[in-house]
Amino acid sequence: MGITVERIVLRHIRMPLVHFFETSFGRTYERDIVLVEAISEGASGWGEVTAGENPFYNEEWTGSIWPLLIDFVAPRVLNFELASPEEVYPRTAHIRGHNMTRAGLETAIWDLWARLHNQPLWKAIGGARREIPCGVSIGIQDSVPQLLGKIETELKAGYQRIKMKIKPGWDVDVIREVRSAFPSIRLMADANSAYTLKDMDHLKKLDEFHLMMIEQPLSHDDIIDHATLQKELATPICLDECIRTAHHAEQAIQMGACRIINIKLGRIGGFAEAKRLHDVCQRNCIPVWCGGMLESGVGRAHNIALSTLPNFVLPGDVSASRRYWKQDIIVPPVEVSPRGTIAITDAVGFGYDIDAAFLDMVTVRTETLQ
Ligand code: OSB
Ligand code: MG
């Protein structure tokens, strides 16, 4: 059965984070998120655009999403009969960059497709896992004792691995203290492109801490320099920002630029390309895990579905709603078990309900396209 999207509703929501989140490129206190609702035959599918509030992670930001969706993404999909959601990615492939905006609509259509077929989304994309392993991403803190306290809280909650953000001035010395406080935990560091090859000797000092991996140490668009660095590092490199297509992954793997890849639905442009990227990594024995972008419940639920694919063998940055939000826009909120896992439900679509009343309270703008 094909699918024709009859209406698309864009919704800008604003919600404060429970705690600020700091990466090497800046601090976020409050999220401005665009949600996409795709409607057909009286059913709704939901997607989330995972861009940040400024164009510092990649070129997208909250303000770029709206005009791009209206002028270029939606017109290529609205009222067009799709044989399957796989067709959304190629229909918007003429757009350069802006994968997160494309993914916002693509993931909504996958959810809609699953709901119209009375199926859980994780089954519709070919997932199999009934429980996924979870880690946490901890931002740069104001002090080392604060960081140690946060790590302790998350370990007590059951999370299976700790990722800490690093930047020049908050790296080797801080990791040394974390390692001496927690000698045997699964630990990794994410630099969000804060270093260059000039920092090679400094980055080599990280090898003594037996990190699971270092994520995206070098430039957001430079696979070649990562290959140079990986040859000198014992610690596996995990690429995030650099990998925007399945083909980038093929090239990075071939060059030896990484040993692990983080998959984010937004960065990759949605489920269809994320599955291809997953398969490339699986064929090459490169383990993957699901990254996060401080998502609301909608994006979080999509990440959970994605993580059921078989090569998601490492704990992802997919964690409980309460770590980010006082109240989430989905019910029930995402919960994590004491052994650091999320259980996969059999409910249709992305598996959670939208809390319509609360969603209206946090909405600052909507627009309907048809
Ligand atoms: O690089 O993984 C990243 C948040 C914003 C921008 C980039 C990143 C992150 C995270 C947060 O690490 C992960 C999460 O949502 O918990
Ligand atoms: Mg990252």
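A polar contact is a pair of N or O atoms within 3.5 Å. The views below are taken from a predicted model.

**Figure 1. Polar contacts and surroundings of ligand 1 in the predicted model.** Two side chains place polar atoms by oxygen atoms of ligand 1: that of Asp190 at 3.0 Å and that of Asn192 at 2.7 Å. The backbone also takes part, with an N or O atom of Met293 lying 3.3 Å from an oxygen atom of the ligand. The protein covers 96% of the accessible area of ligand 1, which on its own amounts to 390 Å². In total, 16 residues surround ligand 1. The closest are Ser137, Asn192, Lys264, Leu294 and Tyr324.

**Figure 2. Protein donors of the magnesium ion (ligand 2).** Three acidic side chains supply the protein donors: Asp190 through OD, Glu215 through OE and Asp240 through OD. These donors lie 2.1 to 2.3 Å from the magnesium ion. Along the chain, the donors follow the spacing D-x24-E-x24-D. Glu215 belongs to strand β10 (residues 214–215), whereas Asp240 is found in the loop between β11 (237–239) and α9 (246–255). These two residues, 25 apart, thus link distant parts of the chain. Glu215 is buried, with a relative accessible area of 0%, and the value for Asp240, also buried, is 0%. Asp190 appears in Figure 1 as well, where a polar atom of its side chain lies 3.0 Å from an oxygen atom of ligand 1.

**Figure 3. Environment of Ser307.** Ser307 is situated in the loop between α12 (297–306) and β14 (330–331). Ser307 counts as buried because its relative accessibility is 5%, and the limit for that class is under 20%. A polar atom of the Ser307 side chain lies 2.7 Å from the backbone oxygen of Asn303. Leaving aside residues up to four places away in sequence, Ser307 touches Arg129, Ile132, Cys290, Phe312 and Val318.

**Figure 4. Cysteines Cys238 and Cys258, neither in a disulfide.** A disulfide requires a pair of cysteine sulfur atoms within 2.5 Å, and by this rule the count is 0. For Cys238, the nearest cysteine sulfur is that of Cys258, 7.3 Å away. For Cys258, the nearest cysteine sulfur belongs to Cys281, at 7.2 Å. Cys238 is buried at 0% relative accessible area, and Cys258 is buried at 4%.

**Figure 5. Backbone geometry at Val331–Pro332, His210 and Gln216.** Most residues other than glycine have a negative phi, and most peptide bonds are trans. A cis peptide bond joins Val331 and Pro332, with omega about -15°. Pro332 lies in the loop between β14 and β15 (341–343). His210, which is not a glycine, has a positive phi of about 50°. The position of His210 is in the loop between α7 (200–204) and β10, and this residue is exposed, with a relative accessible area of 64%. Gln216 likewise has a positive phi, near 40°, and is placed in the loop between β10 and α8 (223–232). In contrast to the exposed His210, Gln216 is buried, with a relative accessible area of 0%.

How values were computed. Residues are numbered from 1 along each chain as its sequence is written. Chains are lettered from A and ligands numbered from 1 in the order in which they are written. This is a predicted model: local features need pLDDT of at least 70, side-chain atom pairs count only at pLDDT 80 or more; totals for chains, interfaces and linings use all residues. Side-chain values use heavy atoms; hydrogens and water are left out. Helices (H or I, at least four residues) and strands (E, at least two) are DSSP runs, numbered from the N terminus. Buried means under 20% relative accessible area, exposed over 50%, partly exposed in between (1.4 Å probe, protein chains only). A polar contact is a pair of N or O atoms within 3.5 Å; within protein, one must be able to donate a hydrogen and the other to accept it, and residues adjacent in sequence count only if both atoms are side-chain atoms. Contact means heavy atoms within 4.5 Å. Donors are N, O and S atoms within 2.8 Å of the metal (3.2 Å for Na, K and Ca); water is not among the atoms, so sites may look incomplete. A residue is near a molecule or strand if one of its heavy atoms lies within 4 Å of it. Accessible areas come from the Shrake-Rupley method with a 1.4 Å probe; for residues, only the protein chains shown count as cover.
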